[in-house]
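The exercises below ask you to read local geometry from coordinates. Try each task before turning to its solution.

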Amino acid sequence: MTDLAIADIVSRFKVHGNIVSAKPFGSGHINDTYRVITSTGNSYLLQKINHFVFKDVPGLMNNLVNVTRHLKEKLKSIPGSDPEKQVLTLIENNDNGYFTTDAAGNYWRVFLFLDHTKSYDQVLTEKQAFEGGKAFGRFQALLADIDRQLIVDTIPNFQNVEFRLANLDKAIAADPAHRLSKVATEIAFVNQRRTAMHRVLELGRAGILPERILHYDTKFNNVLLDEHDHAQCVIDLDTVMPGYVAYDFGDAIRTIINNAPEDEPELDLIKLNIPLFTAYTKGYLKQTAAFLTEAEVNSLIEGALLLPYIQGIRFLTDYLNGDIYYKINSPWHNLQRAKAQLQLVKKLEEAKETLNGIILKAWQHEIK
Ligand code: ADP
Ligand code: GN1
Ligand code: MG
């Protein structure tokens with residue numbers, strides 16, 4: 001994007017001042033994000049929404065308006081809350097809508113930039129992990145009573161293992177990028193676990209696990225922490241949809257418990273950080289123990305194994321499909337990510353009993 005093109009997009013929104021700079025920002029894998037600073041010293045976050053990933057952008061934006069409105073209303077009644085800082089704020093465009101399209105058919109939106117915040121790709125301290133757990137737990141609690149009619153599925157079957165396996169099988173059958181010969185080990189690993197990894201889905205279909213409104217992308221860099229490492233705002237709300245709490249717990253644990261980055265090439269460096277897991281779990285259950293059923297609590301450990309498995313499958317599928325979904329920085333990036341996620345599954349399987357013991361202990365502590 002040229003500076004001129006970006007200035008044109010920004011001028012369609014009700015921002016204060018004229019654009020002074022627009023720089024790429026953050027490390028998300030999906031949207032294109034820029035931090036924009038204007039002549040009045042105001043700071044905004046401009047995003048090009050990935051409409052290959054999100055097929056119904058108007059529906060997605062409608063969700064976002066409804067979800068942020070609901071969160072702000074709820075926070076207003078909680079003493080000490082600051083809805084402007086703790087919830088994303090969309091900037092209206094000049095026609096009172098919340099997005100605009102460019103000549104190439106891309107969708108753009110603008111948020112208030114939340115100053116003095118940080119987002120971490122990897123968790124460094126137990127305090128951060130605890131705060132992250134509290135933030136995502138509270139997010140579920142605050143959205144528990146939103147009218148479900150207001151939310152459309154932005155990516156149907158997002159964490160449905162059956163759907164993810166079917167997509168992998170299609171990629172294996174078509175092998176469009178001629179990479180199948182490179183992934184035999186990973187496919188064998190996935191295949192050995194097909195049945196076991198259906199547990200959450202089966203419990204859900206049997207009505208044993210209720211559907212709740214989830215965030216669905218709870219990796220740690222989707223919560224902004226303030227200068228004192230307190231959780232300030234849950235961001236990246238494009239995937240808020242109904243689902244099983246095990247999904248959000250598992251996706252968060254995927255990034256929290258792993259001592260190494262999501263795409264670590266050196267598999268021996270992928271080790272479990274149990275203190276960070278414990279801290280996240282305590283923070284999460286502090287906010288959710290009041291409403292979670294025993295079956296849901298028992299499903300959390302299944303989610304912790306399932307989400308890196310699904311993520312491994314998604315990266316592997318994208319590698320086979322020739323890197324059409326995730327941003328990559330090398331031709332083997334998706335393969336490296338897939339290997340790292342499947343290695344994490346292996347480590348989690350070895351520690352399953354210990355981790356479940358930690359979850360149950362933290363839960364007992366909250367409900368006693
Ligand atoms: P993606 O879907 O590509 O992950 P995100 O919405 O998560 O996009 O944004 C990418 C990054 O931009 C985040 O990880 C965070 O660092 C930063 N970010 C997003 N929203 C804001 C905001 N309102 N204020 C400050 N930083 C933000
Ligand atoms: C994507 O947008 P971002 O980078 O927060 C992806 C998640 C994956 C994650 C893996 C809409 O999240 O589902 O877990 O990458 N988001 C979408 O890092 O597919
Ligand atoms: Mg993100």
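The exercises that follow concern a predicted model.

**Exercise 1. The magnesium site**

Task: Identify which protein atoms act as donors of the magnesium ion (ligand 3), and state where in the chain they lie and how buried or exposed their residues are.

Solution.
Step 1. Search for N, O and S atoms within 2.8 Å of the metal. The search returns N222 through OD1 and D236 through OD, at 2.2 to 2.3 Å from the magnesium ion. Water is not among the atoms, so the site may look incomplete.
Step 2. Place the donors in the chain. N222 belongs to the loop between β6 (212-214) and β7, and D236 to the loop between β8 and β9 (241-243), so the two donors tie together parts that are 14 residues apart in sequence.
Step 3. Check the accessibility of each residue. N222 has a relative accessible area of 3% and is buried. D236, at 26%, counts as partly exposed, because it falls between the limits of 20% and 50%.

**Exercise 2. The hairpin of β7 and β8**

Task: Determine in which sense β7 and β8 pair, and over how many bridges.

Solution.
Step 1. Take the strand limits: β7 covers residues 223-225 and β8 covers residues 231-234.
Step 2. Assign the pairing. The two strands are antiparallel and share 3 bridges. Within this pairing, L224 of β7 stands opposite C233 of β8.
Step 3. Inspect the connection. There are 5 residues between the strands, and D229 in this hairpin takes a positive phi near 65°.

**Exercise 3. The surroundings of ligand 2**

Task: Find which residues come nearest to ligand 2, list polar side-chain contacts to its oxygen atoms, and work out how much of its area the protein buries.

Solution.
Step 1. Collect the residues around the ligand. There are 17, of which H29, K219, E262, Q311 and Y325 come nearest.
Step 2. List polar contacts. The side chain of Y325 places an N or O atom 2.5 Å from an oxygen atom of ligand 2. For Q311, the separation between a polar side-chain atom and a ligand oxygen is 2.6 Å. For D217, an N or O atom of the side chain is 2.9 Å from an oxygen of the ligand.
Step 3. Compute the buried share. Ligand 2 on its own exposes 450 Å², and 98% of this area is buried by the protein.

**Exercise 4. Three residues and their contacts**

Task: For T68, F249 and L45, decide whether each is buried or exposed, and list the contacts beyond four places in sequence.

Solution.
Step 1. T68 sits in helix α2 (residues 57-76) and is buried at 7% relative accessibility. A polar atom of its side chain is 3.2 Å from the backbone oxygen of V65. Its contacts beyond four places are V87, L88 and L237.
Step 2. F249 is part of helix α8 (residues 245-256). With a relative accessible area of 0%, F249 is buried. F249 is in contact with F277, Y280, T281, Y284, L300 and I359. Its C-alpha lies 8.6 Å from that of I301, a residue 52 places away in sequence.
Step 3. L45 belongs to strand β3 (residues 43-49). Its relative accessible area is 15%, so L45 is buried by the limit of under 20%. The C-alpha atoms of L45 and Y34 are 5.8 Å apart, with 11 residues separating them along the chain. L45 touches F25, T33, Y34, R109, V110, F111, L112 and F113.

Conventions:
Residues are numbered from 1 along each chain as its sequence is written. Chains are lettered from A and ligands numbered from 1 in the order in which they are written. This is a predicted model: local features need pLDDT of at least 70, side-chain atom pairs count only at pLDDT 80 or more; totals for chains, interfaces and linings use all residues. Side-chain values use heavy atoms; hydrogens and water are left out. Two strands pair if DSSP finds at least two bridges between them. Helices (H or I, at least four residues) and strands (E, at least two) are DSSP runs, numbered from the N terminus. Donors are N, O and S atoms within 2.8 Å of the metal (3.2 Å for Na, K and Ca); water is not among the atoms, so sites may look incomplete. Buried means under 20% relative accessible area, exposed over 50%, partly exposed in between (1.4 Å probe, protein chains only). A residue is near a molecule or strand if one of its heavy atoms lies within 4 Å of it. A polar contact is a pair of N or O atoms within 3.5 Å; within protein, one must be able to donate a hydrogen and the other to accept it, and residues adjacent in sequence count only if both atoms are side-chain atoms. Accessible areas come from the Shrake-Rupley method with a 1.4 Å probe; for residues, only the protein chains shown count as cover. Contact means heavy atoms within 4.5 Å.
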